[in-house]
Amino acid sequence: MGASDAEQADGTAKEVSDRERLGARLRRLRHLQKLTIEQVGEGTGLSMSFLSMLERGQADISLSRFTRLADFYNIAASELLLEGDRGAGPTVVSPDELQLIDRGAGVTYRLLSSERYGVQVMLVTFEPGASFRDVLAHKGRDLGWVATGEVVLLYGDKEYTIGERQFVEYEGTQPHAFRNDGETSAEMIAFVNAPYW
């Protein structure tokens, strides 16, 4: 087999792989929306046999038909072409594997930094009576969810009590800190959309 033959074979294999990937995505979308192929055909004007072949990765599709399907499923056409399926799968991290940051006595502040998404996630545990050692201000917005217990947010010159299962969102540019005035520990998950640490 010559070089051009090998390149042609590789191109065909990739083309089939891309067809199969698109077919699998379309099939998942249909199943998620609890639709039959007949319903998709009626909604798009495409034949059931074509849709069936497409979902099995056995048919090419024109741009106009592709756009019709994306519109029918109410999804951006570009999302059907994403290469996400080629990833290695999800990453699972236990709290003990997260980076510890010293925020004061009785505060366990664990950081999950993700440059890929431009966000930082913190898992914060407050022992009874514990508080952040210092008040911070930074760019971006913060979002916090109190999973257990109750915490007090010092925000500027005011205080806000956030109870169990409540959310709080605020501008990070205002000086802020948290503390636990309760007699039991409290745990909070926080998100920062402009990484600070």
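This passage describes helix packing and strand pairing in a predicted model.

Two packed helices are described by the angle between their axes and the distance between the axes. Helix α2 spans residues 37–44, and helix α3 spans residues 48–55. Their axes lie 9 Å apart and form an angle of about 115°. Angles of 65 to 115 degrees count as roughly perpendicular, and α2 and α3 are therefore roughly perpendicular to each other. The crossing of α2 past α3 is right-handed. On the α2 side, the contact is made by Ile37, Glu38, Val40, Gly41 and Thr44. Met48, Leu51, Ser52 and Glu55 meet them from α3. By class, this contact of α2 with α3 holds four nonpolar, three polar and two charged residues.

Helix α2 also packs against helix α4, which covers residues 63–72. Here the angle is about 110°, and the axes are 10 Å apart. That makes α2 roughly perpendicular to α4. The crossing of α2 past α4 is right-handed. From α2, Gln39, Val40, Gly43 and Thr44 take part. Their counterparts in α4 are Arg68, Leu69 and Phe72. The contact of α2 with α4 comprises three nonpolar residues, three polar residues and one charged residue. Val40 and Thr44 appear in the contact with α3 and in the contact with α4.

Glu55 belongs to helix α3. Its relative accessible area is 8%. Buried means under 20%, so Glu55 is buried. Beyond its neighbours within four places in sequence, Glu55 is in contact with Gly23, Ala24, Leu26, Arg27, Arg30 and Ile37. Ile37 is one of the α2 residues that meet α3. Two arginines, Arg27 and Arg30, are thus among the contacts of this buried glutamate.

Strand β9 (residues 186–192) pairs with two other strands, β3 and β4. Strand β3 covers residues 119–126 and runs antiparallel to β9, with seven bridges between the two. Within this pairing, Phe126 has Ala186 of β9 as its bridge partner. Strand β4 is also antiparallel to β9, and six bridges join them. Gly144 stands opposite Ala190 in β9. The two faces of β9 differ in cover. Ala186, Met188, Ala190 and Val192 form the covered face. Glu187, Ile189 and Phe191 form the uncovered one. Both bridge residues named above, Ala186 and Ala190, sit on the covered face.

Arg141 is found in strand β4, residues 141–148. Its relative accessibility is 29%, so Arg141 counts as partly exposed. Along the chain, Arg141 and Gly172 are 31 residues apart. Their C-alpha atoms are nevertheless separated by 5.1 Å. Leaving out residues up to four places away in sequence, Arg141 touches Glu169, Tyr170, Glu171 and Gly172. Its contacts also include Phe191, Val192 and Asn193. Of these, Phe191 lies on the uncovered face of β9, and Val192 lies on the covered face.

A separate description applies to an open sheet of three strands. The order is β6-β5-β8, with antiparallel pairing. Strands β6 (158–162) and β8 (176–179) are the edges, each pairing on one side only. On average, neighbouring strands of this sheet are turned by 25° against each other, direction ignored. Strand β5 (residues 151–155) pairs with β8 over four bridges in the antiparallel sense. Val152 has Arg179 in β8 as its bridge partner.

Notes: Residues are numbered from 1 along each chain as its sequence is written. This is a predicted model: local features need pLDDT of at least 70, side-chain atom pairs count only at pLDDT 80 or more; totals for chains, interfaces and linings use all residues. Side-chain values use heavy atoms; hydrogens and water are left out. Axes are lines fitted to C-alpha atoms, for helices over the stretch in contact, and angles run from 0 to 180 degrees between N-to-C directions. Angles under 35 degrees count as roughly parallel, over 145 as roughly antiparallel, 65 to 115 as roughly perpendicular and the rest as oblique. A crossing is left-handed if the near helix is turned anticlockwise from the far one by less than a right angle, and right-handed if clockwise. Contact means heavy atoms within 4.5 Å. Ala, Val, Leu, Ile, Met, Phe, Trp, Tyr, Cys and Pro count as nonpolar, Asp, Glu, Lys and Arg as charged, and the others, Gly among them, as polar. Buried means under 20% relative accessible area, exposed over 50%, partly exposed in between (1.4 Å probe, protein chains only). Two strands pair if DSSP finds at least two bridges between them.
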